[in-house]
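Here are some friendly notes to read alongside the model. Keep the structure open and look for each element as it comes up.

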Amino acid sequence: MRYVSTRGQAPVRDFSSVLLAGLAEDGGLYLPETWPVLTAGDWRALRGLPYPELAARIIAPYAEGSIPFDVLRHLCREAYASFDHAAIVPLTQVEDGLFVQELFHGPTLAFKDMAMQLLGRLFDHVLEQRDEHVTIVGATSGDTGSAAIEACRGRARLKIVILHPEGRTSDVQRRQMTTVLEPNVTNLAVQGTFDDCQDLVKAMFADAPFRQDMRLSAVNSINWARIAAQIPYYVYAALALGAPDHEVSFAVPTGNFGNVLAAWAARRMGLPIRALCVGSNRNDILTRFLHDNDMSVHGVVPSLSPSMDIQVSSNFERLLFELLNRDAAACARIMTGFRQTGRMEVPDAVWRQAAGLFHGLALDDAATKTEIQHLNDASLYLADPHSAIGIAAGRMFREPGIPMVAMATAHPAKFPDAMEQATGIRPALPKRLGDLFDRPERYDVVSARLEAVEDKVRAAVLKNFA
Ligand SMILES: Cc1ncc(COP(=O)(O)O)c(C=O)c1O
Ligand SMILES: N[C@@H](CCOP(=O)(O)O)C(=O)O
């Protein structure tokens with residue numbers, strides 16, 4: 001499979017090169033040149049497969065020409081071997097027609113492990129083949145960072161530098177990152193928001209000499225491989241609930257728009273998905289856009305669901321490119337304007353298409369707590385604040401006769417303070433993380449200035465690859 005940039009000015013690449021490149025050189029995001037489409041018979045043949053096998057078969061067309069199928073299958077088996085649940089992504093029914101798919105049974109207790117455990121292994125495989133090293137730089141609002149660090153720790157050909165917004169993650173999330181002391185891991189606490197961290201990562205990629213010298217690579221969902229590895233769980237849920245013979249809807253708590261974009265990709269592949277619903281917290285730019293074509297950046301406000309404290313949703317660019325019929329020049333123009341003004345001018349026809357494709361619901365903290373309480377009281381289900389927002393969106397847009405699957409994206413134990421406020425319960429971390437608060441931490445605080453962050457990255461690289 002070959003990949004093109006949403007801004008049309010970067011080289012067309014294969015899967016392995018897209019994996020290593022992360023962000024395209026023109027600032028755009030890579031997308032497959034064509035979408036693989038499966039027939040009803042193809043979907044039926046996937047029913048009942050163990051998750052690792054299903055994942056390998058769904059990802060295979062995206063990796064074709066780069067990663068042989070046997071290698072991909074082996075990496076998928078390894079990636080999901082350490083998950084705590086036999087089903088990997090179990091489905092639970094919480095109400096009539098409303099299901100929850102738990103994506104948090106991996107090593108760091110959030111859905112990011114679903115892709116990251118595979119990406120770490122893919123990086124190793126490709127770097128080994130090419131005899132190369134890379135420096136991964138990533139931005140996190142709490143979960144991507146620990147999942148990426150866990151997937152990359154100790155890998156000889158990788159150096160990883162993660163930027164988190166100082167004081168804006170939960171303590172559990174921060175410690176899951178900063179207590180990993182392997183020499184190839186660097187944590188930077190940026191004096192700013194997640195949007196600042198993400199901007200800094202993109203600015204490092206835009207600094208061509210720095211990008212080249214440091215051999216930068218990305219693990220955020222700007223990297224297409226992240227999205228590809230998030231498609232299989234939608235397929236798994238849909239097949240379990242009757243696809244391809246019945247439609248299924250999905251509700252996804254949303255920040256950077258990567259998870260729900262993977263659901264949209266599954267639909268492009270021919271999976272009969274009826275509704276796609278996004279849930280936001282008070283950082284509701286996507287909901288405002290879907291309701292009123294108002295994609296304007298307001299300041300990021302802290303919430304009970306810190307991983308979704310995001311205003312600039314990077315993956316929206318991929319949807320925009322598609323809705324513009326892949327007009328890369330128009331996409332580049334709109335994205336450049338957005339960067340300059342903080343407001344995205346989306347043509348009315350494109351907005352109408354987007355609003356027809358996605359439903360949106362925003363919950364403030366009070367409504368999030370009410371939803372957590374309600375699920376605990378009425379369904380004996382303990383949902384973390386992010387998952388609760390997705391479940392509320394699912395309930396809101398559920399239709400009779402169509403199963404609605406809400407994505408549970410994090411374990412409630414990652415947010416004990418919020419859970420206690422909502423339910424009086426402080427969920428316990430699994431045994432393997434029982435001493436998390438006794439482990440020593442290591443991180444540097446840095447201002448949200450490009451030169452300051454580049455200096456830190458340079459120092460981290462020299463320290464380990466010298
Ligand atoms: C727990 C949790 N839920 C939801 C989201 C939002 O997902 P996305 O950024 O893919 O929209 C995130 C962060 O990305 C997260 O960590
Ligand atoms: N919510 C994420 C933010 C980054 O999202 P990504 O999917 O683009 O990596 C986090 O928890 O770090």
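1. **The whole chain.** The chain's secondary structure comes to 20 helices and 16 strands; both are DSSP runs numbered from the N terminus, helices being H or I over at least four residues and strands E over at least two. Its radius of gyration is 20 Å, close to the 23 Å from the globule rule for 466 residues, so the chain is as compact as a globular protein of that length. (That radius is taken over C-alpha atoms, and the rule is 2.2 Å times the number of residues to the power 0.38.) The C-alpha trace spans about 60 × 50 × 45 Å along its principal axes.

2. **What kind of model this is.** The model is predicted, with local features needing pLDDT of at least 70 and side-chain atom pairs counting only at pLDDT 80 or more, while totals for chains, interfaces and linings use all residues. Residues are numbered from 1 along each chain as its sequence is written, and chains are lettered from A and ligands numbered from 1 in the order in which they are written.

3. **Burial and contacts.** Of the 466 residues, 55% count as buried. Buried means that 20 or more other C-beta atoms, placed from the backbone, lie within 10 Å of the residue's own; 12 or fewer is exposed, and in between is partly exposed. Among contacts with a separation of 6 or more, 74% join residues 24 or more positions apart; a contact needs C-beta atoms, placed from the backbone, within 7 Å.

4. **A six-stranded sheet.** Look for the open sheet with mixed pairing and the order β4-β5-β15-β10-β11-β14. Strands count as paired if DSSP finds at least two bridges between them. β4 (91-95) and β14 stand at the edges with a single partner strand each, so one side of each has no neighbour in the sheet. From one strand to the next, the twist averages 25 degrees.

5. **Following the parallel pairs.** β10 (residues 248-253) pairs with β11 (residues 273-280) in the parallel sense over five bridges, and V252 has V278 as its bridge partner. Between these two strands the chain passes through helix α12 (residues 258-268), giving a right-handed β-α-β crossover: with the strands pointing away from the viewer, the path from the first strand over the helix to the second runs clockwise. β10 also pairs in the parallel sense with β15 (residues 404-408), over three bridges, and F250 stands opposite V405 there.

6. **An edge strand under cover.** Is β14 covered on one face or on both? Both faces are covered: F358, G360 and A362 on one side, and H359 and L361 on the other, are all buried. In a regular strand the side chains alternate between the two faces of the sheet. β14 (residues 358-362) pairs with β11 in the parallel sense over five bridges; C277 stands opposite H359, and S280 has A362 as its bridge partner. In β11, six of the eight residues are buried.

7. **Backbone details.** A cis peptide bond joins A243 and P244, with omega about 10 degrees; P244 is in the loop between α11 (232-240) and β10. L109 is not a glycine, yet its phi is positive, about 70 degrees. L109 is buried, with 25 other C-beta atoms within 10 Å. N293, another residue other than glycine, has a positive phi near 55 degrees, but N293 is partly exposed, with 17 other C-beta atoms within 10 Å.

Notes
Axes are lines fitted to C-alpha atoms, for helices over the stretch in contact, and angles run from 0 to 180 degrees between N-to-C directions. Two residues are in contact if their C-beta atoms, placed from the backbone, lie within 7 Å.
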